[in-house]
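Biologist: I have just opened this one for the first time. Could you walk me through a few of its details?

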Amino acid sequence: MGFAENSQNLLSRIANGNGHGEDSPYFDGWKAYDNDPFHPTDNPNGVIQMGLAENQLSFDLVVDWIKRHPEASICTNQGVNDFMELALFQDYHGLSTFREAIAKFMGKIRGGKATFDPDHVVMSGGATGAAETIAFCLADAGDAFLVPSPYYPAFSRDFGWRTGVKLIPIVCESSNNFRITITALEAAYQKAQEADIRVKGLLINNPSNPLGTVLDKDTLRSLVKFINEKNIHLVCDEIYAATVFEKPDFVSISEVVEETKECNRDLIHVLSSLSKDMGLPGFRVGIIYSYNKSVVNCARKMSSFGLVSTQTQHFVASLLSDDEFVDRFLSESSKRLAKRHNMLTRGLKEVGIGSLKSNAGLFFWMDLRSLLKEPTLGAEMSLWRVIINDVKLNVSPGSSFQCSEAGWFRVCFANMDDETVEIALGRIRKFVALQVKDNNSSESPPLAKKPRWMNNLRVSFSRRCEEIIMTPRMMSPHSPMPHSPLVRTRT
């Protein structure tokens with residue numbers, strides 16, 4: 001037995017496995033960007049990062065608040081008197097001021113149409129930790145959650161890597177704008193029953209990542225009715241609640257719960273965060289809000305493995321308790337998101353590229369079906385490689401999101417400045433113009449040299465690559481793992 005094999009036997013199945021998800025085009029694009037990052041002067045031909053759902057458009061508002069409120073930080077002369085209290089041991093309940101501020105903020109971004117009890121607020125190390133914790137509380141290994149597709153690729157990691165919980169897609173289609181239907185929901189549930197898989201819950205993402213759409217009240221009511229009839233849980237990931245920038249307004253599951261007398265509240269759980277709404281992913285503030293006291297009790301104990309630092313809690317409590325600031329931030333952020341969304345989608349429309357109509361999130365669902373040589377997964381991946389290697393844009397292919405139709409791509413728009421957006425649009429215009437020219441050149445000489453991106457469309461996939469494509473994975477953008485065979489970036 002070799003040394004490497006012996007070392008492998010010494011580790012757990014999780015350590016030896018690939019459940020965290022290292023092989024996916026979703027993050028191969030991130031690696032392509034890391035190897036060749038765009039910079040307006042130092043590397044103007046580099047890859048532009050359009051695969052990162054980060055809200056950087058309103059940082060200046062937060063920075064301005066910090067300058068005017070130095071007492072919010074224990075690392076300043078004005079706030080250092082709170083240092084000792086915050087540096088000493090704190091239990092998993094969290095600071096009462098933090099939980100009160102979070103509860104108030106959750107109500108505010110839902111238009112005051114729902115109220116939240118601070119005693120039901122459970123903190124976690126980011127939305128990732130919150131998702132895993134709720135999975136541990138509600139399901140056992142081998143159990144499953146139903147989830148409408150397309151859905152966020154990291155759900156597989158967050159809900160299933162360490163818990164052993166499965167995700168079963170509910171197939172949604174472009175014919176009705178990817179809306180979830182009870183027919184599709186029942187079909188997924190029956191499929192699980194036939195496979196002898198115990199369904200413990202329904203997981204929804206509202207507003208949707210990657211679609212950028214919101215669920216209406218009637219749909220939410222139908223979902224509540226469904227889970228009540230099946231006696232399963234409803235987990236609502238609402239981390240993009242404050243990113244709605246156009247009508248229709250966001251409707252939280254909490255609003256429906258407060259209006260529906262027949263609802264079993266013990267089955268309803270909400271995930272929240274400050275990563276998207278406030279653009280603070282580095283603060284790692286994840287929230288579980290459950291109407292079930294037993295779940296709150298269990299989740300709070302489990303949060304010991306991923307608490308939010310008291311220094312962060314203290315700062316967040318101060319920030320979110322400033323009503324004037326929060327109101328201004330939410331209003332201005334909405335305007336800036338709308339402006340950026342329109343800037344990109346209109347620019348694409350000018351060159352014949354459409355997208356799903358959306359009004360929320362930090363991204364939109366781009367429709368490139370017309371650019372596929374055939375409506376297959378392989379054709380989508382070939383096109384994606386061209387976009388990464390030649391157009392030098394990191395956009396995420398729909399197959400990473402378990403989309404049932406080839407040709408859709410998620411495009412993030414809030415993590416760059418206007419100048420970079422214009423450069424990205426310029427690259428897309430050139431790419432589309434090349435394709436139109438090629439399509440119109442039917443009388444070209446047989447030996448005419450084709451555009452470089454056309455050569456890249458002829459890609460053969462190994463069996464391993466096909467397995468990678470069909471399995472959504474997730475990893476850190478700075479993972480030391482080698483590049484997947486799906487993409488080889490030029491440097």
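**A strand and its neighbours**

Modeller: In strand S13, Phe409 is the bridge partner of Met366. Keep in mind as we go that this is a predicted model.

Biologist: Thanks! Over how many bridges do S10 and S13 pair, and in which sense?

Modeller: Strand S10 covers residues 363–367, and the link between Met366 and Phe409 belongs to its pairing with S13. The two strands run in the antiparallel sense, and the number of bridges is 5.

Biologist: Which residue in S13 is the bridge partner of Ser396?

Modeller: Strand S12, residues 396–397, is joined to S13 by 2 bridges and runs antiparallel to it. Ser396 is in that strand, and its bridge partner in S13 is Arg410.

Biologist: And which residue stands opposite Met366 in S10?

Modeller: Strand S9 takes in residues 354–355. S9 and S10 pair in the antiparallel sense over 2 bridges. The residue opposite Met366 is Ser355.

Biologist: In what order do the 4 strands of this open sheet come?

Modeller: The pairing is antiparallel. S9 and S12 each pair on one side only, which makes them the edge strands. Reading across, the order is S9-S10-S13-S12.

Biologist: Is S13 largely enclosed, and how many of its residues are buried?

Modeller: In a regular strand, side chains alternate between the two faces of the sheet. In S13, one side has Trp408, Arg410 and Cys412, the other has Phe409 and Val411, and all are buried. The strand is therefore largely enclosed by the rest of the structure, and the count of buried residues is 5 of the 5.

**A buried acid**

Biologist: Let's move to Asp277. How far away is the nearest side chain of opposite charge?

Modeller: Asp277 is found in the loop between strand S7 (268–273) and strand S8 (285–290). Asp277 is buried yet has no salt bridge, as such a bridge needs a nitrogen and an oxygen within 4 Å. The nearest side chain of opposite charge belongs to Arg110, at 6.0 Å.

Biologist: Which backbone nitrogen does the side chain of Asp277 reach at 2.9 Å?

Modeller: Among the residues Asp277 touches are Phe105, Tyr240, Ala241, Ala242 and Phe329. Its side chain reaches the backbone nitrogen of Ala241 at 3.4 Å. The backbone nitrogen at 2.9 Å is that of Ala242.

**Charged pairs**

Biologist: If Arg110 has no salt bridge with Asp277, which residue does Arg110 meet in a salt bridge?

Modeller: Side chains of opposite charge can pair when their charged atoms come close. Arg110 is buried, with a relative accessible area of 3%, and its partner is also buried, at 1%. At 2.8 Å, N to O, the side chain that Arg110 meets is that of Glu238.

Biologist: How many residues apart in sequence are the parts tied together by Arg110 and Glu238?

Modeller: Arg110 lies in the loop between H6 and strand S2 (121–125). Glu238 lies in the loop between strand S6 (233–237) and helix H11 (253–259), so the separation in sequence is 128 residues.

Biologist: Which helices does the salt bridge of Lys108 and Asp327 tie together?

Modeller: These side chains meet at 2.9 Å, N to O. Lys108 and Asp327 lie in parts that are 219 residues apart in sequence. Lys108 is partly exposed at 28% relative accessibility, and Asp327 is partly exposed at 40%. The helices tied together are H6 (residues 96–108) and H14 (residues 323–349).

Biologist: Where do Glu332 and Arg336 lie?

Modeller: Their side chains meet in a salt bridge at 3.0 Å, N to O. The two residues are 4 apart, about one turn of the helix, and both lie in helix H14.

Biologist: How many salt bridges does a search of the whole structure find?

Modeller: We have met some of them, including the pair Glu332 and Arg336. A search of the whole structure brings the number to 22.

**Cysteines**

Biologist: Why is there no bond between the sulfurs of Cys137 and Cys298?

Modeller: Cys298 is partly exposed, with a relative accessible area of 30%. Its closest cysteine sulfur is in Cys137, but a disulfide needs the sulfur atoms within 2.5 Å. The structure holds 0 disulfides; this pair is too far for a bond because the sulfurs are apart by 3.6 Å.

Key
Residues numbered from 1 in each chain as written. Predicted model: local features only at pLDDT ≥ 70, side-chain atom pairs only at ≥ 80, totals over all residues. Heavy atoms only, no water. Buried < 20%, exposed > 50% of the residue type's maximum accessible area, 1.4 Å probe, protein only. Lys, Arg positive; Asp, Glu negative; His and termini not counted. Polar contact = N/O pair within 3.5 Å; in protein donor to acceptor, adjacent residues only side chain to side chain. Contact = heavy atoms within 4.5 Å. Pairing = 2+ DSSP bridges. Lists of a residue's contacts leave out its neighbours within four places in sequence.
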